[in-house]
Amino acid sequence: MIKGYFYLPNSSRVQQSYARLSGERIAIYVDDECVFESTLTAVNVAAHLPGQASELNFADGARFVPHDVAYRWPFQQRKSGLLARLESNLVLILCALFATPVLLYALLFKLVPGIAVTAVKAMPDVVVEQMGQQSMVLIERTMLSPSELSAQEQQAVFTLWHDTVSQLGLSAERYRIDVYRSDHFGANAFALPHGQVVVTDELARRLADHPDALRAILLHEIGHVERMHSVRLASQAAVASIAIAMLLGDMDIVAEVVLGSGSALMDLQFSQNMEWEADNYALMQLERLGYSGEDFAQALESLVPLDEAQSQSWLKYLSTHPSLQERIEHARNHTTP
C-alpha cells in the first residue's frame, strides 16, 4: 500500500488516496473504495528526478503522486549504476554548471547564425515578400503617419530614388520608396526585406540641399536588402526561439515564432557587421556611379547631433551599432584619391 495524492483526469481536484499493486494491475483507493484501476502496461512513470516523487500518469489523464519522494515502483526501470554515480558526482555537477553557459553561447551565437544563413539562402521570394508586407502593415499602423512634405519635396525624393535604382540596374518593381512622417523614427530611413524603403520627413528635410548625401543613405538601405540582413535576423531569432523551446520542452511556441517572424522584423537591430556591410555596399556603389564617399560622410554628419544626444544615455554601452564617427572616418578613408 503506497499513500499519495490522486488527481482526477481533466480536473484540478485532488484526493488523499493509496495505491495497491496486484500482479499486472494497479488500483487506487479512497477511503477503502476503489476509485480507479489500470493495467501496468497503460501506466507511464514520470522520469526520475532527485527529490521528486515517481509520479504515475494514466492513459485517461489521471495521476497518482506518492507522498514518499524516495519511493520507486517495482516495475519502474532502474537506472544503471553508472548514471546514478554520475548524478551524485559533485565534480561533474560543477563542470556541467560551467559548461552549460558555454554550450548555450555556442548554440545561440555560432550554430544558430549559421543555420539562419543557410535558411535565408533557401527561402522562397514569396516568403520574403510576405514578411516585408506584414511588417510594413504593422509599422504603418503604429509608427508612421502621412507625409507633411510638399508635393515638390516628395517628388524630389522619388526622382532621386528612381534615378539611383535605374543606374544600379535594379528592379523598379521590387525596389520602391515611400515618404512618411514619424515621431518614432525621427530623421531616419529603413528598408524592409522585400525591397520597400521608407524615408521620414525629417531626414528628407535635413538632406534637401544635399541630394547626393541622401542618395548615399538610400544606397545604404539598398545594401541591407541586397545582403538580406532583415531576413537573416528574423531567421536567426526564429531559429534561436525554436532551439530554446526544444531545450525547455515547450513546442507550442514554435508555430507562433514561425508565423510571427515577419511582424517582429522592426524589433530587431542590425549587428555591427551588418551595418559595415551596408556601408561598404553604399560606398562601392557611390564610386561605381561616379560619386564620392564624402557624400556618405556628409549624410552621416547631418545625423551627428542625434547620435550625440543618444550617447548621453547609458544604453550606448549596450549598443551593437558602430558609432557615427567611426562610420564617417570609414567613409572618408574609403574615398578614392
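How many bridges join strand S1 (residues 2-7) to strand S7 (residues 63-66)? The answer comes in Figure 2, after a quick look at the whole chain.

**Figure 1. Welcome to the predicted model, a protein with 12 helices and 11 strands.** Of its 337 residues, 38% count as buried. The protein exposes about 19500 Å², and carbon and sulfur atoms supply 55% of that area. If you like contact statistics, take the contacts with a separation of 6 or more: residues 24 or more positions apart account for 60% of them.

**Figure 2. Here strand S7 meets strands S1 and S6.** S1 and S7 run antiparallel, and four bridges join them. Within this pairing, Tyr7 has Arg63 in S7 as its bridge partner. Strand S6 (residues 56-58) also pairs with S7 in the antiparallel sense, over two bridges. Look for Arg63 again here, since Asn57 has Arg63 in S7 as its bridge partner. S6 and S7 form a hairpin with four residues between the strands. Gly61 in this hairpin takes a positive phi near 100°.

**Figure 3. This view shows an open sheet of four strands in the order S8-S9-S11-S10.** The pairing in the sheet is mixed. Strand S8 (145-146) and strand S10 (189-191) are the edge strands, each pairing on one side only. S10 pairs with strand S11 (residues 196-200) in the antiparallel sense, over three bridges. To find your way along this pair, start at Ala189, which stands opposite Val199 in S11.

**Figure 4. Helices H3 and H6 pack on the sheet.** Helix H3 (residues 125-142) touches strand S9 (176-181), S10 and S11. The direction of H3 makes about 15° with that of S9. Helix H6 (residues 211-226) likewise touches S9, S10 and S11. For H6, the angle is given against S10, and the two directions make about 25°.

**Figure 5. Now follow H6 to its crossing with helix H10 (residues 293-301).** Two packed helices are described by the angle between their axes and the distance between the axes. The axes of H6 and H10 come within 8 Å and cross at roughly 90°. H6 is therefore roughly perpendicular to H10, as angles of 65 to 115 degrees count as roughly perpendicular. On the H6 side, the contact involves Asp212, Ala213, Ala216, Ile217 and His220. Their counterparts in H10 are Asp295, Phe296, Gln298 and Ala299. By residue type, the contact of H6 with H10 divides into five nonpolar, two polar and two charged residues.

Methods: Residues are numbered from 1 along each chain as its sequence is written. This is a predicted model: local features need pLDDT of at least 70, side-chain atom pairs count only at pLDDT 80 or more; totals for chains, interfaces and linings use all residues. Side-chain values use heavy atoms; hydrogens and water are left out. Two strands pair if DSSP finds at least two bridges between them. Contact means heavy atoms within 4.5 Å. Axes are lines fitted to C-alpha atoms, for helices over the stretch in contact, and angles run from 0 to 180 degrees between N-to-C directions. Angles under 35 degrees count as roughly parallel, over 145 as roughly antiparallel, 65 to 115 as roughly perpendicular and the rest as oblique. Ala, Val, Leu, Ile, Met, Phe, Trp, Tyr, Cys and Pro count as nonpolar, Asp, Glu, Lys and Arg as charged, and the others, Gly among them, as polar. Buried means under 20% relative accessible area, exposed over 50%, partly exposed in between (1.4 Å probe, protein chains only). Accessible areas come from the Shrake-Rupley method with a 1.4 Å probe; for residues, only the protein chains shown count as cover.
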